[in-house]
Amino acid sequence: MKRKIKNRMKNKITGKMKRFGIVCILVMGLLLTGCNNKFAKEQYDSDIQIAEGGDRYAKTNSVLNNYGNNVTYTVGKFDGRETLWEANCSSATWVDITLVFTLDEGKAKLVQIDEDGNVSTVVECTPDSEVNELTTYSIQLKEGKNRLKFVGYDCKNVTFYMEIKESQKIKYYFLRSVI
């Protein structure tokens, strides 16, 4: 009689452990399928989400170096949006930005966001439309806070160089990236 009770308890415990194991596997499967770049694709053309104060991105092998008025940024893989530069302007002004912007795969762009949350594309880059040579873009900065954000999805092997000519009307800084 004691043996029968022990066997039944053993079977109950083993059955519960099997069910628990199956549930854990299903939960892990659901979590892993949620880790993709769908958010980056959906937000790539959303000015409202790009203009948000916070950044949202996933990246690997990232190195951001800034020195003086220059920044170099290389990324192995990138999905999302990341602020690279901010400026506070005492009045509206123009600034020249010189860029080199290449990538092996994906789609990316550098956008300007003004104090009012208006988003304008400075340059867009795909493997077929890279900026391989130093190219200068003039952008108008409004009075107040202005930002430059890197936005992209499915990006691989990104190389980005930016130089900003100094202006008396703006106080700017490059943001350091956590690697």
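## Elements along the chain

Helices here are DSSP runs of H or I with at least four residues, and strands are runs of E with at least two. By that count, the secondary structure of this predicted model comes to 3 helices and 9 strands. Walking along from the N terminus, we meet the elements in the order α-α-α-β-β-β-β-β-β-β-β-β.

## Contacts, burial and surface

Let's turn to how the chain packs. Of its 179 residues, 39% are buried. Among contacts with a separation of 6 or more, 76% join residues that sit 24 or more positions apart.

On the outside, the accessible surface comes to about 11,100 Å². Carbon and sulfur atoms hold 53% of that area.

## The cavity

Now for a look inside. Searching the whole structure for cavities of 30 Å³ or more turns up 1, and the space in the largest cavity is about 40 Å³.

Which residues line the largest cavity? They are F39, A40, Q43, Y44, I50, G80, R81 and V151. Two elements, α2 (38-43) and β3 (70-89), each give at least two residues to this lining. The largest share comes from α2, with 3 residues.

As for the chemistry of the lining of the largest cavity, 5 residues are nonpolar, 2 are polar and 1 is charged. Arg counts as charged and Gly as polar, so R81 is the charged residue of the lining and G80 is one of the polar ones.

Conventions: Residues are numbered from 1 along each chain as its sequence is written. This is a predicted model: local features need pLDDT of at least 70, side-chain atom pairs count only at pLDDT 80 or more; totals for chains, interfaces and linings use all residues. Side-chain values use heavy atoms; hydrogens and water are left out. Buried means under 20% relative accessible area, exposed over 50%, partly exposed in between (1.4 Å probe, protein chains only). Contact means heavy atoms within 4.5 Å. Accessible areas come from the Shrake-Rupley method with a 1.4 Å probe; for residues, only the protein chains shown count as cover. On a 1 Å grid over the protein atoms alone, a cavity is a set of points where a 1.4 Å probe fits but cannot get out, and a pocket is an open set with protein on both sides within 12 Å along at least five of seven lines; lining residues have an atom within 4 Å of a point. Grid points are joined across faces, edges and corners, and a volume is the space filled by probe spheres set on the points.
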